[in-house]
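Let's take a walk through this one, from its open spaces to a pair of packed helices and a few single residues. Have the structure open beside you and follow along.

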Amino acid sequence: MSSPIRVRIAPSPTGFLHVGTARTALFNFLYAKGHGGQFILRIEDTDRERSQDIYTQNIYDSLKALGLQWDEGPDVGGPYAPYAQSERTAIYQEWAEKLLASGQAYHCYLTQAELDAEKAAAQAEKRAYIYSGACRDAKVREELAAKPDEHGNPRKPSIRFRIPDERGTLSFQDAVRGEVSFDTQLLGDFVIMKSDGTPSYNFAVVVDDMLMKISHVIRGEDHISNTPRQIMIYEAFKVAPPQFAHVGMILAPDRTKLSKRHGAVAVSDYIKDGYLPEAFCNFLTLLGWSPPDGEEIGTMSHFAQQFELARITHSPAIFEKDKLNFINGKRIRTMPLPELLAVARPYLHQFDLGQYSEDKLFAILDAVREPITVLSELPEAVNYFFGRTVILDAQLVGEVLTGPEPAQILADFKNDFLATANFESPDTLAEAIKGFTNRMKPIKTKTVMWAIRAAITGRTHGADLSKTLYILGKEVVTHRLETALTLTTGSPA
């Protein structure tokens with residue numbers, strides 16, 4: 001019987017949650033949910049200087065906004081609590097002591113200045129720096145421990161892992177990359193507990209993953225170089241390592257490292273800008289993974305059922321903002337109107353939505369959503385539906401509403417169309433508009449439509465005109481038309 005699937009995302013709260021970590025979290029989430037497993041959140045906050053509560057909260061909020069709810073974590077608890085590394089120091093010390101007791105680790109009394117001198121000597125000799133292993137010798141440790149540091153203070157030792165003397169090739173099977181090998185002769189004894197009593201990343205992550213029974217470690221390829229050290233620690237504890245899966249990087253379209261100018265902003269900023277969580281996750285899912293059915297637009301539950309590590313590519317994924325906009329825009333155009341209104345309300349707070357019925361609000365969103373790519377575009381798209389008047393700027397008046405033809409169009413529209421048109425539905429208004437444009441010939445239909453739209457909405461493009469008239473209602477349309485006529489001819493006609 002196979003072991004249960006347990007995966008984790010373990011971000012450091014040293015900044016806001018970014019795209020790369022969100023993609024890693026999503027891949028872990030999809031794998032867990034598609035295989036009946038558990039998705040764990042662990043906060044790696046041992047960097048005391050850079051870790052901040054505001055970043056931890058941003059991690060919580062961003063993952064929840066994306067719908068990536070964890071089964072175990074610092075805020076929800078679980079059988080392997082605590083889930084924040086800063087609360088697990090005693091655990092790391094306990095396991096480090098086990099390695100000390102077995103001779104697989106030792107205290108290192110070299111100061112940072114002395115280590116820097118070793119490194120400088122290696123650079124001067126143009127060779128790769130590997131820790132000398134000086135403190136492997138018990139006598140050297142004893143001598144250094146009795147000697148004050150360069151400031152005259154007692155030395156505080158770190159704890160180093162003793163790499164086995166039998167050096168050679170260390171290989172592991174990566175679920176994404178196949179067999180990966182490292183030459184352990186290129187590795188020196190490494191620190192597992194720092195002199196300030198905090199664990200190193202490689203040690204803490206092994207202890208945590210081991211005790212939390214993590215079955216699969218799905219993470220970015222920047223962690224590949226850490227893997228041999230971690231495997232050696234697992235072997236020292238006589239514990240089988242988890243299945244590793246190292247995912248390719250996310251690059252900008254020019255194949256450089258993703259930066260803010262390419263869109264590498266915090267996930268919370270994308271959500272604030274109006275990217276729908278489901279659409280944003282859909283986009284992230286395709287950054288390094290492809291669905292076997294070829295359908296690139298889908299729900300997370302659908303993708304989870306198809307998600308296999310073998311379909312993750314080790315090649316870099318390209319962050320294409322246009323594709324994100326396409327997926328988000330399609331989601332906006334196809335989601336049920338009640339759902340769209342619910343997510344749109346925060347972006348429409350400057351408008352008095354109470355002036356319309358819910359059905360009319362649905363009609364507004366349906367009328368404007370075709371070209372929308374993000375919800376933050378909604379205020380500009382809907383603003384002419386609110387208020388009795390609209391701003392007619394001088395350029396619009398001069399280019400579209402000035403002259404004998406526009407004056408005739410607006411006067412006839414008021415006296416002919418508005419006097420007889422049925423405002424019961426967009427369909428009845430569409431038929432009436434068609435009849436009106438025919439009666440206005442030989443004036444071009446485009447000229448007729450531009451003049452009417454400009455007078456009523458203050459712009460020359462926007463939602464379907466029949467839908468616009470229906471939503472605004474006859475009284476508001478009449479008022480705006482009279483305002484335009486007064487402005488352009490001096491009389492409401």
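A word on residue classes before we start: Ala, Val, Leu, Ile, Met, Phe, Trp, Tyr, Cys and Pro count as nonpolar, Asp, Glu, Lys and Arg as charged, and the others, Gly among them, as polar. By that scheme, the lining of the largest pocket has 17 nonpolar, twelve polar and twelve charged residues. What you're looking at is a predicted model, where local features need pLDDT of at least 70 and side-chain atom pairs count only at pLDDT 80 or more, while totals for chains, interfaces and linings use all residues. Residues are numbered from 1 along each chain as its sequence is written, and side-chain values use heavy atoms, with hydrogens and water left out.

Now for what a pocket is. On a 1 Å grid over the protein atoms alone, a pocket is an open set of points with protein on both sides within 12 Å along at least five of seven lines, whereas a cavity is a set of points where a 1.4 Å probe fits but cannot get out; lining residues have an atom within 4 Å of a point. Points are joined across faces, edges and corners, and a volume is the space filled by probe spheres set on them.

The largest pocket has a volume of about 1,300 Å³. It is lined by 41 residues, and the closest to its centre are His-18, Gly-20, Thr-21, Asp-222 and His-223. Strand E1, helix H1 (19-34) and strand E8 (216-220) each supply at least two residues of that lining, with H1 giving the most, five. Those labels come from DSSP runs numbered from the N terminus: helices are H or I runs of at least four residues, strands E runs of at least two.

The second largest pocket holds about 590 Å³ of space. Of its 28 lining residues, Leu-110, Gln-112, Leu-115, Arg-160 and Val-191 lie nearest the centre. Helix H4 (112-124), strand E4 (158-161) and strand E7 (190-193) are the elements that give two or more residues to this lining, and H4 has the largest share, with four. Sorted by class, the lining comes out as twelve nonpolar, six polar and ten charged residues.

How many cavities of 30 Å³ or more does a search of the whole structure find? Just one. The largest cavity has a volume of about 40 Å³, and its walls are Leu-341, Leu-348, Leu-353, Leu-361, Ile-364, Leu-365 and Phe-386. That makes seven nonpolar, no polar and no charged residues. Helix H13 (residues 358-368) provides the largest share, three residues.

Next, swing over to helix H9 (residues 277-285). Seven of its nine residues are buried, where buried means under 20% relative accessible area, exposed means over 50%, and partly exposed is in between (1.4 Å probe, protein chains only). The buried residues of H9 pack against H1, helix H8 (267-273), helix H10 (300-306) and H11. Look at H9 against H11 (residues 321-334): they pack at an angle of about 145 degrees, with their axes 9 Å apart. Axes here are lines fitted to C-alpha atoms, for helices over the stretch in contact, and angles run from 0 to 180 degrees between N-to-C directions. At the interface, Glu-278, Ala-279, Phe-280, Asn-282 and Phe-283 in H9 meet Lys-323, Leu-324, Ile-327, Asn-328 and Arg-331 in H11, contact meaning heavy atoms within 4.5 Å. By class, that contact has five nonpolar, two polar and three charged residues.

Finally, some single residues. Arg-6 sits in strand E1 (residues 6-9). Is Arg-6 buried or exposed? It counts as buried because its relative accessible area is 8%. Among the residues Arg-6 touches, not counting those up to four places away in sequence, are Glu-72, Tyr-80 and His-216.

The loop between strand E2 (38-41) and helix H2 (53-65) holds Glu-44, and Arg-48 has its place there too. Glu-44 is buried, since its relative accessibility is 7%, whereas Arg-48, at 56%, is exposed. With the same sequence neighbours left out, Glu-44 touches Ala-10, Pro-11, Ser-12, Pro-13, Gln-85, Tyr-201 and Val-205, while Arg-48 touches Asp-196 and Thr-198.

Last stop: Ala-394 in helix H15 (residues 394-401). Ala-394 is exposed, with a relative accessible area of 68%. From Ala-394 to Ala-146 is 86 Å, C-alpha to C-alpha, with their places 248 residues apart in sequence.
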